[in-house]
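Please open the structure in your viewer and keep the selection tool at hand. The tour proceeds by stops, each with something to select and something to look for.

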Amino acid sequence: MTPRTIRADDLVDSIADALQFMSYYHPADFVQSLKRAYESETHGPARNALLQILINSKLCAAAHRPVCQDTGVVHVFFRMGMDVRIHDESTDITPSLQALANRAVARAYRCKENPLRASIVLDPLGARTNTRDNTPAVVHIEMIEGNTIGMIVAAKGGGGDVKARYTMLNPSDSVADWVVSQLPNMGAGWCPPGVLGIGVGGSPEQAMLMAKRALFSPIDMHVLQAAGPQNPLDALRLDIFERINALGIGAQGLGGNTTVLDIKIEHAASHAALLPVAIIPNCAATRFVRFELDGSGVAQLVPPPLSLWDDIPDALPGLGGRSVDLDTLTPGEVATWRAGDTLLLSGTLLTARDAAHKRLADLLERRQPLPVDLRGRAIYYVGPVDPIEGEAVGPAGPTTSTRMDKFMPALLEQTGLLVTIGKAERGPTAIEAIRRAGAAYLMAVGGAAYLISKAVRSARVVAFEDLGMEAIYEFTVENMPVVVAVDSDGRSVHKTFFATVSDI
């Protein structure tokens, strides 16, 4: 085969363009699948959550702003032909694919027109310092015959990866039984509905890689349902799909008909005594692009037609929720809220995530003053994207609340904090602390980050500026929609479901 040269700049430009492209365009098949889920949903809270995700998708496609505040860890899967040479015109040294991917990530995430959130930290066991440009990328390289480079570029959110599961089954064990048993304990922090990737066979690390790679293929479960299974793999996909959705977890864990949109499985040869199985979900911020470079220039990315979103409204219809003034909030008012109530929040709202909570907890333990007064206040678990001109803040959707559970007893008891806001369920420690304090936990929709940011009228950093996106902000919000997920009596919108399925 004739050797072929591909310019390093074309490779970097293609990856950077793909990262910007996927930050605001959902894949068309994902939007169509969400619409099918919305149209068939009969449970009101889940239906409303699906609508928010669809409206968010439409707004982001039009405004070219990120569909989620967690703009992802960049993964680049290279399938590089053995007859390809990469030429960098700026140096005599041929750069590594890792170096080129990092160059592309830094460019894409620092784009002034659409800045993306930097989430990567160095030294995970130490200072955990943010790299500020989301480098390094995660790179996988497969050398194949040929003279082109095929690539899958993905931005994988942390909410999905944190729910990854792995096991080593016996060869006679049921893959479907194990997979279905994992869903209840995964909770809703991965922002269902989404696609579930499954890797079967190979070695342990192969199974995990196959599970992730399986996510980056077209959604076609509706086709499989219509045609019926044609082979054992089809039958396994369909079985797992139907059994998971029968659990009733639903959108955002609020109950309903659709928890997964599709089941994707990759498998490989394995040792006769082993059956490795891994699962990884994709969230409501499904982001990936596939293309090939053949030396003719930069990859050409074709946007989905805006008509894809024609039947989706431009704004959330009136919810009829109770208006809440955060600036005059009292324990007595919080006590009147009931799990499942819809609230529209206005007033000042503080933000804090993992790193800020750790610092606050350390200050409390040392009996030192806090940089902000939390008495009677509300904290929103969010790490926003930087704003552009005309915005108070960039996309600002909730992060998974359970990561802050261990801090709840001290914060509620020692500071007078009254309300927390995040996504998905709370664990027993947090629920009991909320009940004892007469506080409340409210839930915003994961996957509706840009839509939620429209409710933020102003934003400023008030503490821990060095933490970047994890700094404490003060937002002024107007009619920010939330659901009471845990009320002051400890009742939870998720508790009934998890008690019911915990023995599966």
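Which residues of helix H12 (residues 408-415) are buried? Before selecting them, please note that this is a predicted model.

**Stop 1: helix H12**

Select residues 408-415 and colour Met408, Pro409, Leu411, Leu412 and Thr415, which are the buried residues of helix H12. Next, display the elements around them: the cover over these buried residues includes H11, strand S14 (419-422) and H13. Then move to Gly416, which follows H12 and has a positive phi, near 80 degrees.

**Stop 2: helix H13**

Helix H13, one of the elements covering H12, spans residues 428-437. Select Arg435 and Glu432, which both lie in this helix, three residues apart, about one turn of the helix. Their side chains meet in a salt bridge, with 2.5 Å from N to O. Are these two residues buried or exposed, or something in between? Arg435 counts as partly exposed because its relative accessibility is 40%. Glu432 also counts as partly exposed, at 31% relative accessibility.

**Stop 3: Arg353 and Glu470**

Now select Arg353, in the loop between strand S12 (342-351) and helix H11 (354-365). With a relative accessible area of 9%, Arg353 is buried. Which residues is Arg353 in contact with, leaving aside its neighbours within four places in sequence? They are Arg117, Tyr381, Val382, Gly383, Thr399, Arg403, Met404, Met469 and Glu470.

Add Glu470 to the selection and display both side chains. The side chains of Glu470 and Arg353 meet in a salt bridge (3.5 Å, N to O). This pair links distant parts of the chain, for Glu470 lies in the loop between strand S16 (456-463) and S17, 117 residues apart from Arg353. Glu470 is buried because its relative accessible area is 15%, and the limit for this class is under 20%.

**Stop 4: Glu474 in strand S17**

Continue along the chain to strand S17 (residues 472-486), where Glu474 has its place. Glu474 is buried, with a relative accessible area of 18%. Show the side chain of Arg377 as well: the side chain of Glu474 makes a polar contact with it, at 3.3 Å. Beyond its neighbours within four places in sequence, Glu474 is in contact with eight named residues to select: Thr348, Leu349, Leu350, Arg377, Ser458, Ala459, Arg460 and Val462.

**Stop 5: the domains**

Colour the chain by its domain assignment, which gives domain 1 (1-156 + 286-317), domain 2 (158-284) and domain 3 (322-486). Then look at domain 2 and domain 3, whose C-alpha centres lie 32 Å apart. Seven residues of domain 2 are in contact with nine residues of domain 3. The area buried between the two domains is about 650 Å², and carbon and sulfur atoms give 60% of this area.

Select Gly189, Cys191 and Gln252: within domain 2, these residues lose the most area to domain 3, together 52% of what that side buries. How many salt bridges are there between domain 2 and domain 3? The count is zero. There are, however, four residue pairs in polar contact between domain 2 and domain 3. By class, the side of domain 2 that touches domain 3 has four nonpolar, three polar and no charged residues.

**Stop 6: inside domain 2**

Select Lys264 and Asp262, whose side chains meet in a salt bridge (3.3 Å, N to O). Both Lys264 and Asp262 are buried. From Lys264, look across to Asp234: the two residues are 30 residues apart in sequence and 9.6 Å apart in space, C-alpha to C-alpha.

Asp234 belongs to helix H9 (residues 232-245), and its relative accessible area of 14% makes it buried. Select Gln230 as well, since its backbone nitrogen lies 3.1 Å from a polar atom of the side chain of Asp234. Not counting residues up to four places away in sequence, Asp234 touches Leu224 and Pro229.

**Stop 7: a salt-bridge network**

Finally, select Arg7, Asp9, Asp10 and Glu89, which are linked in a network of salt bridges. The count of salt bridges comes to 35.

Terms used
Residues are numbered from 1 along each chain as its sequence is written. This is a predicted model: local features need pLDDT of at least 70, side-chain atom pairs count only at pLDDT 80 or more; totals for chains, interfaces and linings use all residues. Side-chain values use heavy atoms; hydrogens and water are left out. Helices (H or I, at least four residues) and strands (E, at least two) are DSSP runs, numbered from the N terminus. Buried means under 20% relative accessible area, exposed over 50%, partly exposed in between (1.4 Å probe, protein chains only). Contact means heavy atoms within 4.5 Å. Domain bounds come from an automatic or database domain assignment. Buried area is the accessible area (1.4 Å probe) that two parts lose on being put together, summed over both. A salt bridge is a side-chain nitrogen of Lys or Arg within 4 Å of a carboxyl oxygen of Asp or Glu. A polar contact is a pair of N or O atoms within 3.5 Å; within protein, one must be able to donate a hydrogen and the other to accept it, and residues adjacent in sequence count only if both atoms are side-chain atoms. Ala, Val, Leu, Ile, Met, Phe, Trp, Tyr, Cys and Pro count as nonpolar, Asp, Glu, Lys and Arg as charged, and the others, Gly among them, as polar.
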